[in-house]
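Biologist: I would like a close look at a single part of this model, with attention to the charged side chains and their surroundings. Please take it step by step.

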Amino acid sequence: MHGDRCEHVQHGEHVQHGEHGERGEYGRGAPGRGGHAHAYGAAGAPAAGVGVGVGVGVAARRMPTRYSVRGQVLDALRKALVSGELIPGEVYSGPALAERFGVSATPVREAMQQLVAEGAVEAVPNRGFRVTSRSARDLAELAEVRGLLEVPVLLRLARTLPAARWRELLPLAETAEAVARGGDRAAYAEADRAFHRALLGLGGNRQLVTVTDELHRRAQWPTPDAPVRRTEDLVADAAEHVALLDALAARDLPAVESLLRGHYTGAAH
């Protein structure tokens, strides 16, 4: 793999071997804010949500090295985008990111190209990747598209599904509430999307779930001038999940539509 570092798990321990046999730490540091192209992190300052539990779920099987490392880097970068550690408008150097992750440049470059395809970053020739800056209008448009796709489906399901089916999703809503109380924005973003995937999954349309999940992911990226979402904001957002399930179970269609549209708009701030 032309010098790519190999990463695997032995006996539940995350192990990395570099080109010269050194052991690297995956994701140490918080993103730098000075200069033109940033390394992902300042030495000695661990970044929240990066490099945490990267070996979980892999111990039982050996995965292709490139896929494993690229996937882990991609997950870490997505979490950093949601948490605001990667700053909109800033340029980050691929090689410097690779050094901070303790991997070669190849999986970082591949992960960044995926984020380019998703619209999260843009390539800057000879410098690296700039985190996309989005406006309030961008978020409003995402909320509108989600409403056009999701609201009619959930209103239809509310008319036909028994209350018990909606109550089956209560554990996911409660998990999102618990995560929200912890204040971890990246972890809450994952729990939030898991709830909405399950909600729409009751309709049986896998393509709809895939498309709306991607729209939801884009709506979670912060804008440069948006205030940081506080723990109480996350808790309030999570509480809307429970209220929505109650309205769906009661077949209260006006309440369902109002909650959904308000939820999409609130998540975009």
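Is D237 buried or exposed, and what is its relative accessible area? Please go on from there to the salt bridges around helix α8.

Modeller: Please keep in mind throughout that this is a predicted model. D237, which is placed in helix α9 (residues 231-249), has a relative accessible area of 4% and is therefore buried, since the limit for that word is under 20%. The side chain of D237 is in polar contact with the side chain of Y188, at 2.5 Å.

Turning to the salt bridges, the whole structure holds 13 of them, and one joins the side chains of R193 and D213, with a distance of 3.0 Å from N to O. Because R193 belongs to helix α7 (residues 185-201) and D213 to helix α8, this pair ties together parts that lie 20 residues apart in sequence. R193 and D213 are both buried.

Helix α8, which covers residues 206-219, also contains a salt bridge between the side chains of E214 and R217, with 3.6 Å between N and O. These two residues are about one helical turn from each other, because they stand three residues apart in helix α8. Their surroundings are described by different words, for E214 has a relative accessible area of 24% and is partly exposed, whereas R217, at 11%, counts as buried. Returning to the pair of R193 and D213, salt bridges with shared partners link these two residues with E190 and R197 in one network.

Helix α8 has a nonpolar side to its description as well, since V211 is located in this helix and, with a relative accessibility of 44%, counts as partly exposed. Together with V145 and L149, V211 makes a nonpolar surface patch of about 200 Å².

For a further salt bridge, one may look at helix α4 (residues 136-160), where E150 and R146 are four residues apart, about one turn of the helix. The closest N and O atoms of this pair are 3.1 Å apart, and E150 and R146 are both buried. As a general point, side chains of opposite charge can pair when their charged atoms come close.

How values were computed
Residues numbered from 1 in each chain as written. Predicted model: local features only at pLDDT ≥ 70, side-chain atom pairs only at ≥ 80, totals over all residues. Heavy atoms only, no water. Patch = residues over 30% accessible without salt bridge, like charges linked within 9 Å, V, L, I, M, F, W, Y side chains within 5 Å. Areas by Shrake-Rupley, 256 points an atom, 1.4 Å probe, with all protein chains shown as cover. Salt bridge = Lys/Arg side-chain N within 4 Å of Asp/Glu carboxyl O. Buried < 20%, exposed > 50% of the residue type's maximum accessible area, 1.4 Å probe, protein only. Polar contact = N/O pair within 3.5 Å; in protein donor to acceptor, adjacent residues only side chain to side chain.
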